[in-house]
Amino acid sequence: MTERNQTLISEFLLLGLPVKPEHQSLFYALGLAMYLTTVLGNFTIIVLIRLDPHLHTPMYLLLSNLSLSDLCFSSVTMPKLLQNLWSQVPAISYTGCLTQMYFFLYFGDLESFLLLAMAYDRYVAICFPLHYSSLMSPKLCVGLVALSWVLTSSHAMLHTLLMARLSFCENNVIPHFFCDLSALVKLACSDTHVNELVILIMGCLIIVIPFLLIVLSYTRIVSSILKVLSVRSIHKVFSTCGSHLAVVSLFYGTAGALYLSPSADNSRVKETVMSMMYTVVTPMLNPFIYSLRNRDMKGALRRIFYKTKIPVC
């Protein structure tokens with residue numbers, strides 16, 4: 001007799017994007033362009049921060065890690081999605097599915113922690129500018145980054161190990177373009193109460209609490225600015241925090257719309273669109289948000305360009 005904790009299937013089938021077969025080539029080209037833009041944009045930010053000494057500050061250390069996280073986050077799902085659109089073979093192995101789920105949780109959670117660390121950095125920079133160098137020292141910044149990578153790894157591993165103990169029987173069709181945690185739990189034919197409880201508790205700790213702390217930091221920033229209300233102070237807040245606020249709104253807005261709304265209200269099309277927004281569109285837009293609104297990044301790009309420009313004899 002087969003043990004209940006034994007997995008009875010060797011692969012899953014990803015339904016992918018809800019598009020007609022004749023439109024798949026168009027969506028493949030669009031997806032490939034978006035993915036290449038994501039890789040190029042985030043890689044450019046990482047290289048600029050690495051090469052330009054003017055950007056060797058806590059804020060840009062956090063930004064370089066956010067760009068690395070975005071690059072990896074998009075790379076977890078997009079290559080498989082593009083492969084499925086091109087070959088129309090939606091199968092993914094059981095091991096491959098759990099691996100994709102692990103890294104999806106890892107880099108998704110990492111983005112949440114890094115956005116929180118960046119919010120704290122902006123809070124200190126605006127509310128305590130004279131003490132910024134001591135309150136946001138390079139040592140503390142490196143510690144925040146390292147802690148983010150370690151905590152998210154532990155969280156992703158916890159869910160992966162709990163998923164590995166579940167049984168999957170006849171139904172192996174995932175109505176998504178990647179191995180989503182909640183979709184896999186719904187497919188299991190064994191008891192999932194522990195998994196659901198851990199998803200609820202860890203979701204609050206990893207996603208909700210960082211978001212509330214980000215809101216708190218900006219509440220304190222606004223409160224501090226209102227005490228010395230002036231055009232200059234308002235301009236300083238928007239120039240310093242505008243990019244971060246835009247990224248926070250994109251990430252938490254789309255993720256919240258998907259995971260916090262009742263599942264009965266979510267059609268497959270809506271879930272796919274929302275998932276594409278925070279797994280593909282947000283990582284693609286982040287480099288543009290930070291580079292177009294950031295004078296330091298544009299200055300670094302000019303310095304690197306002129307430094308490497310070959311003189312004409």
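**Around helix H3**

Tyr106 and Phe107 are both buried. In this predicted model, the rings of these two residues have their centres 5.0 Å apart, with their planes at 20°, so Tyr106 and Phe107 make a stacked pair. They are a handy way into the helix that takes up most of this section, H3, which covers residues 94-127.

H3 is made up of 34 residues. From its first C-alpha to its last, the helix reaches 50 Å, close to the 50 Å expected at 1.5 Å a residue. How much of H3 is buried? The count is 29 of the 34 residues, so the helix is largely enclosed by the rest of the structure. As a reminder for reading a helix like this one, an α-helix has 3.6 residues a turn, so residues three or four places apart point the same way.

Back to the rings. The model has 18 aromatic pairs in total. One of them brings together Tyr102 and Phe103: the ring centres are 5.0 Å apart and the planes sit at 80°, so this pair counts as edge-to-face. The two partners don't get the same label for accessibility. Tyr102 has 13% relative accessibility, and since buried means under 20%, Tyr102 counts as buried. Phe103, at 33%, falls between the 20% and 50% cut-offs and therefore counts as partly exposed. There is also an aromatic cluster, formed by Phe73, Phe104, Phe177, Phe178 and Tyr278.

Further along, helix H3 also holds Asp121. Is this residue buried or exposed? Its relative accessibility is just 1%, so Asp121 counts as buried. What does its side chain make a polar contact with? The partner is the side chain of Tyr132, at 2.4 Å. Tyr132 also turns up among the residues that Asp121 touches, together with Pro58, Met59, Leu62 and Met136, once residues up to four places away in sequence are left out.

Finally, there's a sheet to fit into the picture. Three strands form it, in the order E2-E1-E3; the sheet is open and its pairing is mixed. E2 (91-93) and E3 (173-174) are the edge strands, each pairing on one side only. Strand E1, residues 11-14, pairs with E3 in the parallel sense over 2 bridges, and Leu14 stands opposite Ile174 in E3. How does the helix sit relative to these strands? H3 lies across E1, E2 and E3, and runs at about 85° to E2.

Terms used
Residues are numbered from 1 along each chain as its sequence is written. This is a predicted model: local features need pLDDT of at least 70, side-chain atom pairs count only at pLDDT 80 or more; totals for chains, interfaces and linings use all residues. Side-chain values use heavy atoms; hydrogens and water are left out. Helices (H or I, at least four residues) and strands (E, at least two) are DSSP runs, numbered from the N terminus. The expected span of a helix is 1.5 Å times one less than its number of residues. Buried means under 20% relative accessible area, exposed over 50%, partly exposed in between (1.4 Å probe, protein chains only). A polar contact is a pair of N or O atoms within 3.5 Å; within protein, one must be able to donate a hydrogen and the other to accept it, and residues adjacent in sequence count only if both atoms are side-chain atoms. Contact means heavy atoms within 4.5 Å. Rings of Phe, Tyr and Trp (its six-membered ring) pair if their centres lie within 6.5 Å; planes under 30 degrees apart count as stacked, over 60 as edge-to-face and the rest as tilted. Two strands pair if DSSP finds at least two bridges between them. Axes are lines fitted to C-alpha atoms, for helices over the stretch in contact, and angles run from 0 to 180 degrees between N-to-C directions.
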